[in-house]
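Could you walk me through this protein chain? I would like a friendly tour of its architecture, with the main elements and a few backbone details pointed out.

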Amino acid sequence: MRVGLLHPDEDLSLAKPLPYSWAEVEHDLGLGTVLEAMAEGDTYLLDVARQVLAQGLSQEARVIHHRQEVLREALEHPRLIEALYRLAGQTLQEKRKESWGLFRRDRPDLYGGIKAMEALLKGLRGVRELLESAHLASRGFRSLKDQLAAHLTPEFFREAEGHLRALRFPQGIWMAASLGPGGRGRDYTLLLPKRNPIPWPFSSRPKAFTLTLHPRDEAGARILGEFRERGVFAAARALALAVEEVTRFFEALRAEVGFLLGAIRLANRLRALGLPLAFPVPAEGVRLAFRNLYDVGLALRQGYAVGNHLEAHGKNPILITGANRGGKTTFLRSLGLAQIMMQAGLFVGAEFFESGLVDGLFTHFKREEDPSLEAGRFEEELRRLSDLVDHLTARPLFLFNESFAATSEPEGSELGAQVIQALVERGIRVVFVTHFYTLAAAFLGNAKALFLRAERLPDGRRTYRLKEAPPEPTAYGLDLLRRIFG
């Protein structure tokens with residue numbers, strides 16, 4: 001059986017490698033705060049959330065819509081999701097406790113397999129009862145519910161429990177074998193126990209050959225034990241495979257409802273702050289529009305957020321300039337987080353959000369000086385950029401934050417302009433924050449370029465909002481000087 005809550009065709013896999021430079025993306029976008037809010041101290045759930053967000057960069061629009069539909073319903077049934085997550089975890093824990101030695105290829109542990117399967121059957125009953133107790137209409141939940149109803153019938157449980165009782169061999173082990181070369185036994189096969197027939201008065205009693213071992217015959221007992229193991233090996237191996245199959249179902253269930261539980265926790269945190277949430281619209285091509293988009297990570301850290309509005313369909317590159325400490329980096333993070341959350345099937349921090357799908361996300365943010373002194377900041381920036389370019393996907397989103405600021409404005413502007421132009425010509429979406437006027441001004445004649453500028457009021461105050469405006473040759477550093485020193 002498939003769980004199918006996060007994908008209509010396959011279960012979530014936690015074994016996939018993270019995308020290249022994912023650690024840098026997490027750091028640059030402040031994604032750790034979002035993951036911690038989803039996990040609430042649960043390290044397993046933290047790993048699940050990270051994997052789902054990272055794998056979302058390769059999802060199709062139909063998968064995102066499927067996931068959004070399931071998540072909308074999960075938000076309406078938070079107690080059900082938490083109960084499913086807890087039940088799946090408890091079932092796996094109980095199964096692990098009972099199945100030590102079960103999967104040894106040479107000698108599977110039959111008794112351990114029986115105990116493990118009993119724990120899994122109990123868990124399956126619980127999952128079906130929980131799902132039957134709620135009215136669920138999304139395709140993901142309906143498919144899971146229908147599968148369980150079709151397969152986990154009362155007859156199934158009676159038959160499965162009957163097999164487990166039989167494998168305890170209450171009437172002893174009955175088996176057949178044939179003689180091989182040298183008089184050795186082969187083709188050991190378990191048989192159903194035969195009931196003692198009612199003796200017929202005139203029939204002759206069936207002949208039986210009996211071997212009785214002396215209580216101190218250790219060698220005979222060992223040989224008889226080997227016969228027994230050969231006879232039950234096939235049954236033990238089949239039971240072990242069945243346990244593996246059901247275990248995979250519970251592992252997938254725990255992971256997928258765990259992600260939904262993390263999403264519920266994140267939504268509760270943001271709603272408690274009075275911030276808007278929206279299910280985004282995944283699109284094709286270079287499309288981007290949003291209303292009141294804010295940085296989810298920053299909102300979680302400081303308890304409030306400032307949103308931005310934009311309509312930028314068909315615009316590439318987007319260049320962001322303006323006053324120092326005016327909200328440019330925060331805007332860049334809000335855009336990157338929203339793209340990741342949208343493609344993972346989550347809501348985003350906005351009143352409305354639409355964006356074209358990408359198959360990768362790369363960040364190139366300024367760094368501090370290399371503490372090992374093996375390279376300066378400018379050389380380190382070039383090395384990182386070279387590595388990222390070597391791993392670019394077909395249609396990624398590339399976010400730059402004050403890149404090449406470690407060199408002079410003429411050199412940094414020339415290099416930055418060439419990098420942006422090369423990426424855009426390849427069809428890569430680029431958003432570039434810079435305080436180099438020369439760099440931004442190099443694209444003033446480009447009809448597809450969009451210019452945003454951090455807003456500054458006449459008295460020097462920052463609103464932390466961005467507006468469509470061409471670059472200016474000043475970043476208003478004197479505002480900061482006056483504010484700090486008076």
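The report below starts with the overall picture and then turns to the sheet, the helices and the backbone.

## Overall picture

Please keep in mind that this is a predicted model. The protein has 15 helices and 12 strands. Of its 486 residues, 47% are buried. Its exposed surface comes to about 25,300 Å², and carbon and sulfur atoms supply 53% of that area.

How do contacts relate to distance along the chain? Among contacts with a separation of 6 or more, 74% are between residues 24 or more positions apart.

## The six-stranded sheet

A good place to begin is an open sheet of 6 strands, in which the order is β8-β9-β10-β6-β11-β12 and the pairing is mixed. Strands β8 (361–365) and β12 are at the edges, and each has a single partner strand, so one side of each is left without a neighbour in the sheet. On average, neighbouring strands of this sheet are turned by 15 degrees against each other, direction ignored.

As background, the strands of a sheet pair through backbone hydrogen bonds, in either a parallel or an antiparallel way. Both arrangements can be found here. Strands β9 and β10 pair in the parallel sense, with 5 bridges, and β6 and β10 pair in the parallel sense over 3 bridges. By contrast, β11 (residues 450–456) and β12 run antiparallel and are joined by 4 bridges. If you would like a landmark for that antiparallel pair, R456 stands opposite R462 in β12.

## Strand β10, covered on both faces

Strand β10 (429–433) deserves a closer look. How many of its residues are buried? The count is 5 of 5, and the strand is mostly covered. The cover extends to both faces: R429, V431 and V433 lie on one side, V430 and F432 lie on the other, and all of them are buried.

Two of these residues also help to trace the pairing. V431 is the bridge partner of I318, while V430 is the bridge partner of F398.

## Helices across the sheet

Two helices lie across strands of this region. Helix α12 (residues 377–390) lies across β8 and β9 (397–401), and runs at about 175 degrees to β8. Helix α13 (residues 409–425) lies across β6, β9 and β10, and its angle to β10 is about 160 degrees. Strand β9 is thus a useful reference for your eye, as it is listed under α12 and again under α13.

## Two helix contacts elsewhere

Away from the sheet, helix α4 (residues 61–76) packs against helix α7 (residues 139–151) at an angle of about 80 degrees, and their axes are 7 Å apart. The two helices are therefore roughly perpendicular to each other. On the α4 side the contact is made by H66, E69, V70, E73 and A74, and on the α7 side by R139, G140 and F141. By class, this contact has 3 nonpolar, 2 polar and 3 charged residues.

Another spot to visit is A88, in helix α5 (residues 78–98). Is A88 buried or exposed? Its relative accessibility is 0%, so A88 counts as buried. Setting aside neighbours within four places in sequence, A88 is in contact with F250, L253 and R254. The C-alpha atoms of A88 and R254 are separated by 5.3 Å, although the two residues are 166 residues apart along the chain.

## Backbone details worth checking

Most residues other than glycine have a negative phi, and most peptide bonds are trans. Against that background, three places in this model are worth a look.

E40 is not a glycine, yet its phi is positive, at about 50 degrees. E40 is located in the loop between α2 (31–39) and α3 (43–55). Y464 is not a glycine either, and has a positive phi of about 60 degrees. Y464 belongs to strand β12 (residues 462–468), and is partly exposed, with a relative accessible area of 45%.

Where is the cis peptide bond? A bond of this kind joins N316 and P317, with omega about 10 degrees. P317 sits in the loop between β5 (308–311) and β6 (318–322).

Key. Residues are numbered from 1 along each chain as its sequence is written. This is a predicted model: local features need pLDDT of at least 70, side-chain atom pairs count only at pLDDT 80 or more; totals for chains, interfaces and linings use all residues. Side-chain values use heavy atoms; hydrogens and water are left out. Axes are lines fitted to C-alpha atoms, for helices over the stretch in contact, and angles run from 0 to 180 degrees between N-to-C directions. Angles under 35 degrees count as roughly parallel, over 145 as roughly antiparallel, 65 to 115 as roughly perpendicular and the rest as oblique. Contact means heavy atoms within 4.5 Å. Ala, Val, Leu, Ile, Met, Phe, Trp, Tyr, Cys and Pro count as nonpolar, Asp, Glu, Lys and Arg as charged, and the others, Gly among them, as polar. Buried means under 20% relative accessible area, exposed over 50%, partly exposed in between (1.4 Å probe, protein chains only). Two strands pair if DSSP finds at least two bridges between them. Accessible areas come from the Shrake-Rupley method with a 1.4 Å probe; for residues, only the protein chains shown count as cover.
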